[in-house]
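Biologist: Please take one part of this protein and go through it closely. I would like to know where its residues sit and what they touch, with enough of the whole to place them.

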Amino acid sequence: MNDGLKKYNRSVCIYEKEAIDTFKDLMSKHTINTVYSYQESGIGITYERDKKLKSLFNRNHIKWCEYQRDGIVRGITNRNGWDKKWFATMNEDPIHNKYSKLSGSVKNHNYLSKSLINKLEDYSTEFQSPGEIEGHKLLNSFAEIRGKNYSKYISKPAESRISCGRISPYLAWGNISVKQAYQYIKNHPNYNTNKRSFNGILTRLKWRDHFIQKFEMEWQIETRCANKGFETLRRRSDSDHIKAWMEGRTGVPMVDANMRCLIKTGWINFRMRAMLVSFASYDLWLDWKNTGNLLAKLFTDYEPGIHYSQLQMQSGVTGINTFRIYNPVKQSIEHDNNGTFIKKWVPELKNLDSSFIHEPWKMDPTTQKNNNCILGKDYPNRIVIHEEAIKFARNEIKKVLKTDNYYETSKKVFLKHGSRKRNTTRVNKKSKQLSLF
Ligand SMILES: Cc1cc2nc3c(=O)[nH]c(=O)nc-3n(C[C@H](O)[C@H](O)[C@H](O)COP(=O)(O)OP(=O)(O)OC[C@H]3O[C@@H](n4cnc5c(N)ncnc54)[C@H](O)[C@@H]3O)c2cc1C
């Protein structure tokens, strides 16, 4: 960004301080008339921060201009008519920034601590390279080459790393906007020959805003279940299980491979994220409020609006979505059949052939020895047996479904947040079924 701003004699300054102290500091040195920002659909602490800032600005007669972010509308109470507005916004001309050339020298603000500078300089090369230029490069390579296999490989842990858009960190950090991505893909000459895949990613860009809109309207889902009935579930907080899950040492190869890959690279695909959450929430019966925050720290594309909604959906606590319990062995066989992805991230299992790579617990002691993989020594014994664990989880969930006001609460959630498509699953008996994936 600073490269692009050089010709206007301007630059971006970064402050590492509480926002309120930063502004007080700036106000003591400069006369500030107006503060410009976008409307952030943030979490509890950022909302509290904004309230403090608003009051500081009001007291000092500073105007705060907040602009709409992507297709997210502030102040609405339901989503009637939202889809139409979203398409209208996406098809508007993009804003082209214009700056006057600043006379005089740019003030050199240096408010970053040495430790933060070191941390930024240590940015792992395994993470996606940051910045606006990289975001545009990815849009280009997606539309030119990578995107043709988007739909085919979307759930494959290895192949999706190439065929997915991979633009999520750039959208989350504001390097590119949803409108820019939408228009680039929609108007690309390859659109007509790759309609299925390109429409797939365009739909997901809309989902992005749909989820953030939900969060904008009900940010409390950061800390409580959308259907409050699920608050009564007594989840476990077994620290050994949390540790094993977080370190990718559960003894379940597909879970461990994805967690280790996420730790190292900051990204895994949608289905694998859903599977990790499902494993934590159903198999290990852990509270999504704990595991969700731990997971958020690992994503380079953390976006609270999507994250908390998805966490709740994949943990089955919204009351309006089908319950989805992922079977990690089934996912493994379907999406990494010969175990290439598993072997890359869990090298302890590199000698196992496809009959054991998905379920190493099936090896007898001689097979373990022959494969240089002694369970409990080289690779952990599985910490949970899926079939037994989900039997317990289902029974617990069924108890909530039988409570008096479950249906009424779900209906309220649906009216506020449910999809406006006519053929959507309404809150009915069907949505109370548990689906196995
Ligand atoms: C438990 C869980 C947590 C998640 N947390 C986040 C998060 O913090 N930040 C985040 O950006 N995505 C999150 N997702 C959604 C999804 O996994 C990522 O958006 C996607 O994997 C990003 O990769 P991509 O850019 O290659 O996506 P593509 O498939 O290329 O899609 C393009 C863009 O569409 C949006 N998108 C794609 N899938 C979804 C979806 N299911 N819901 C909403 N928007 C979507 C994203 O902005 C994405 O960048 C989460 C999913 C789950 C199951």
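Modeller: What follows starts with the whole chain and then turns to the region around helix α11 and its surroundings. The model is predicted, and every value below is computed from it.

The protein has 437 residues, of which 48% count as buried. Its secondary structure comprises 21 helices and four strands. A compact globule with 437 residues would have a radius of gyration near 22 Å, and the 24 Å of the protein agrees with that. Along the principal axes, the C-alpha atoms fill a box of roughly 75 × 50 × 50 Å. Of the contacts between residues at least 6 apart in sequence, 75% join residues at least 24 apart. The exposed surface is about 23700 Å², and carbon and sulfur atoms supply 51% of it. There are 74 positive and 45 negative charges, and their mean positions are 5 Å apart.

Now the part itself. Helix α11 covers residues 195-217, and Arg208 lies in it. Arg208 has a relative accessible area of 7% and is therefore buried, the cut-off being under 20%. Leaving aside neighbours within four places in sequence, Arg208 is in contact with Arg69, Leu171, Ala172, Val178, Glu303 and Ile306. One of these partners, Val178, is among the buried residues of helix α10 (residues 178-186). Phe279 is 71 residues from Arg208 along the chain, and their C-alpha atoms are separated by 24 Å.

Helix α10 also has Lys179, Ala181, Tyr182, Gln183 and Ile185 among its buried residues. The buried residues of α10 pack against α11, and also against α4 (82-90), α6 and α9 (168-172).

Gly71 is in the loop that runs between β2 (63-67) and α4. Its relative accessible area is 3%, so Gly71 counts as buried. Not counting residues up to four places away in sequence, Gly71 touches Trp82, Trp86, Thr89 and Met90, together with Asp209 and Gln213. Gly71 and Asp21 are 50 residues apart in sequence, with 31 Å between their C-alpha atoms.

Gln128 is in another loop, between α5 (114-121) and α6 (132-144). Because its relative accessibility is 14%, Gln128 counts as buried. A polar atom of the Gln128 side chain lies 2.8 Å from the backbone oxygen of Arg166. Arg166 is also among the contacts of Gln128 beyond four places in sequence, along with Tyr123, Leu138, Pro169, Tyr170 and Trp267.

A last stop is helix α12 (residues 239-247), where His241, Ile242, Ala244, Trp245 and Met246 are buried. These buried residues pack against α13 (253-265), α14 (270-283) and α15 (288-296). At the start of α12, a side-chain oxygen of Asp238 comes within 2.9 Å of the backbone nitrogen of Asp240. After α12 comes Gly248, which has a positive phi near 70°.

Methods. Residues are numbered from 1 along each chain as its sequence is written. This is a predicted model: local features need pLDDT of at least 70, side-chain atom pairs count only at pLDDT 80 or more; totals for chains, interfaces and linings use all residues. Side-chain values use heavy atoms; hydrogens and water are left out. Helices (H or I, at least four residues) and strands (E, at least two) are DSSP runs, numbered from the N terminus. The radius of gyration is taken over C-alpha atoms; the globule rule is 2.2 Å times the number of residues to the power 0.38. Buried means under 20% relative accessible area, exposed over 50%, partly exposed in between (1.4 Å probe, protein chains only). Contact means heavy atoms within 4.5 Å. Accessible areas come from the Shrake-Rupley method with a 1.4 Å probe; for residues, only the protein chains shown count as cover. Lys and Arg count as positive and Asp and Glu as negative; His and the chain ends are not counted. The place of a charge is taken as NZ of Lys, CZ of Arg, CG of Asp or CD of Glu. A polar contact is a pair of N or O atoms within 3.5 Å; within protein, one must be able to donate a hydrogen and the other to accept it, and residues adjacent in sequence count only if both atoms are side-chain atoms.
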